[in-house]
Amino acid sequence: MPDSPGGKVAVHIHATIEGIQYQPFFERKLNEYDISHLQEALQTDASFLLRFPDSSQVAVSAWVSPKRTRSYPFARVYDTYGFQGKKITLIPVYKDEGFDGERDYLQWDTVSLMSLLGVYVILGFYSHAEKNPHYPNKITRQQMDIKFLLEQFHAVMNYRSDALHWNLVQTERLAEIGRLACESYRVISERTGVKMHSFEAVEKRLAVFSAGREKFISFSRRMAQEAQEREFRTVQPKENLKGKKAKITILNYLGGEYHFTCDEVEFYENRLLLIEGKHSRDASLPSLSDIKDGLLKMILYANLKDVSLDGTKYVPQPMLKLTTGEPLHETPQIMETLNILLREARTNGFRVKI
């Protein structure tokens with residue numbers, strides 16, 4: 001079996017991206033809403049088209065949490081990727097579910113990744129929530145502040161520069177938007193009687209936001225590298241993977257630095273297989289959201305340049321690996337999904353293994 005050079009256990013790959021060329025095939029029809037019905041759109045769809053009074057349209061995706069491993073945000077962005085006009089994604093600066101739940105903060109590389117994909121980021125905050133009936137200190141049904149979002153939508157529609165520059169301006173408002181979020185959670189806590197996580201900790205994070213972009217970048221990358229290290233050392237039996245995990249750090253000309261964990265890598269002479277694994281224990285195929293989440297990684301991996309390990313360059317070969325705990329039943333729906341997936345793979349230069 002092929003192995004990493006020198007039999008190393010820890011594999012850290014470096015690569016660059018100059019630009020993105022990719023054609024998605026899993027294009028679902030996005031529902032269209034008038035801008036005046038933004039709240040209805042957010043309550044109904046994870047991705048949708050938004051129409052403005054001048055009949056212009058944008059494709060919108062909404063993150064439930066700033067953390068990219070919750071609720072398939074990559075799949076939501078993927079669903080808008082084939083739209084020819086402006087693509088916008090909504091991300092809360094931070095989300096607190098209450099003391100019995102999770103709290104997540106925005107990371108720099110999330111914004112930078114969206115810039116690389118040409119997606120405009122609107123940073124928002126939650127201003128409404130209800131007490132979760134199943135936990136004493138947890139909230140649910142959180143809703144982003146619509147008035148604030150509407151102001152940002154009109155601003156981005158009048159913005160004439162690219163997504164990178166818009167997103168950089170957005171990050172300069174992190175502390176401001178973070179304070180709005182903090183005050184909203186104080187109000188929600190008082191209204192619902194739900195204890196939130198420490199507001200002192202939030203203030204410390206806001207201080208990082210206030211210290212300027214470079215401080216935020218440095219702090220975020222340290223957090224991302226620590227998370228990368230934890231994931232690298234964690235064995236995920238559910239993924240049904242047999243090869244070595246690898247850290248992969250991607251640089252791009254926009255100044256973005258992305259820290260990922262590649263599920264599996266294999267070396268064949270000068271070729272390097274970069275494998276993203278998706279697994280389903282109880283179905284014949286991973287869910288379409290899982291597949292789309294993996295495809296966003298393929299968008300990146302299929303556009304890698306200068307891939308190297310310890311100074312040695314390799315030719316990258318991306319692969320999406322789908323594994324299941326059940327036999328593959330060749331139903332019409334499954335076969336249609338696989339046929340579309342294979343067309344997308346052939347067109348964009350990656351492999352699929354089932």
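# A tour by strands, core and salt bridges

In strand E16, Val352 is the bridge partner of Leu320. Select that pair to start. The model is predicted: local features need pLDDT of at least 70, side-chain atom pairs count only at pLDDT 80 or more, and totals for chains, interfaces and linings use all residues. Residues are numbered from 1 along each chain as its sequence is written, and side-chain values use heavy atoms, with hydrogens and water left out.

**Stop 1: around strand E15**

Two terms come first. Helices (H or I, at least four residues) and strands (E, at least two) are DSSP runs, numbered from the N terminus. Two strands pair if DSSP finds at least two bridges between them.

Select residues 351-353, which form strand E16. E16 runs parallel to E15, and three bridges join them. Now add residues 271-280, strand E13, and residues 312-324, strand E15. These two also run parallel, with ten bridges between them. Which residue of E15 stands opposite Leu273? Select Gln317 to see that partner.

Move to residues 304-309, strand E14. E14 pairs with E15 in the antiparallel sense, over three bridges. Here Val307 stands opposite Tyr314 of E15. The hairpin of E14 and E15 has two residues between the strands. Click on Asp310 in this hairpin: its phi is positive, near 55°.

**Stop 2: a five-stranded sheet**

Next, show strands E2, E3, E4, E5 and E8. They form an open sheet in the order E2-E3-E4-E5-E8, with mixed pairing. Strand E2 (32-34) and strand E8 (120-124) are the edges, each pairing on one side only. On average, neighbouring strands of this sheet are turned by 35° against each other, direction ignored. For such angles, axes are lines fitted to C-alpha atoms, for helices over the stretch in contact, and angles run from 0 to 180 degrees between N-to-C directions.

Zoom in on strand E3 (residues 47-51) and strand E4 (residues 57-62). Five bridges pair them in the antiparallel sense. Ser47 has Ser61 in E4 as its bridge partner.

Now select residues 146-157, helix H4. H4 lies across E3, E4, strand E5 (87-92) and E8. Its direction is at about 155° to E8.

**Stop 3: Phe52 and the core**

Is Phe52 buried or exposed? Select it in the loop between E3 and E4. Phe52 is buried, at 5% relative accessible area. Buried means under 20% relative accessible area, exposed means over 50%, and partly exposed is in between (1.4 Å probe, protein chains only).

Show what surrounds Phe52. Contact means heavy atoms within 4.5 Å. Leaving aside neighbours within four places in sequence, Phe52 is in contact with Ile35, Val58, Phe153, His154 and Met157.

Widen the view to the largest nonpolar core, which has 97 residues. Such a core is a set of buried Ala, Val, Leu, Ile, Met, Phe, Trp, Tyr and Cys residues joined through side-chain atoms within 4.5 Å. Leu50, Phe153 and Leu295 touch the most other members. Pick Leu50. Not counting residues up to four places away in sequence, its contacts include Tyr33, Leu38, Val60 and Phe153.

**Stop 4: two cysteines**

Select Cys182 and Cys262. Cys182 is buried at 1% relative accessibility, and Cys262 is buried at 0%. How many disulfides are there? The count is zero, taking a disulfide as a pair of cysteine sulfur atoms within 2.5 Å.

**Stop 5: salt bridges**

The structure holds 15 salt bridges. Each is a side-chain nitrogen of Lys or Arg within 4 Å of a carboxyl oxygen of Asp or Glu.

Return to the sheet and select Arg51 and Glu32. Their side chains meet in a salt bridge of 2.5 Å, N to O. Arg51 lies in E3 and Glu32 in E2, so the pair ties together parts that are 19 residues apart in sequence. Arg51 is partly exposed at 30%, and Glu32 is partly exposed at 37%.

Next, select Glu130 and Arg141, with 3.5 Å from N to O. Glu130 lies in strand E9 (residues 126-131) and Arg141 in strand E10 (residues 139-144), so this pair ties together parts that are eleven residues apart in sequence. Glu130 is partly exposed at 35%, whereas Arg141 is exposed at 56%.

Finish at Glu276 and Lys297. Their closest N and O atoms are 3.4 Å apart. Glu276 sits in strand E13 and Lys297 in helix H9 (residues 288-301), 21 residues apart. Glu276 is buried at 4%, and Lys297 is buried at 10%. Add Lys278, Asp290 and Asp293: with Glu276 and Lys297, they are linked in a network of salt bridges.
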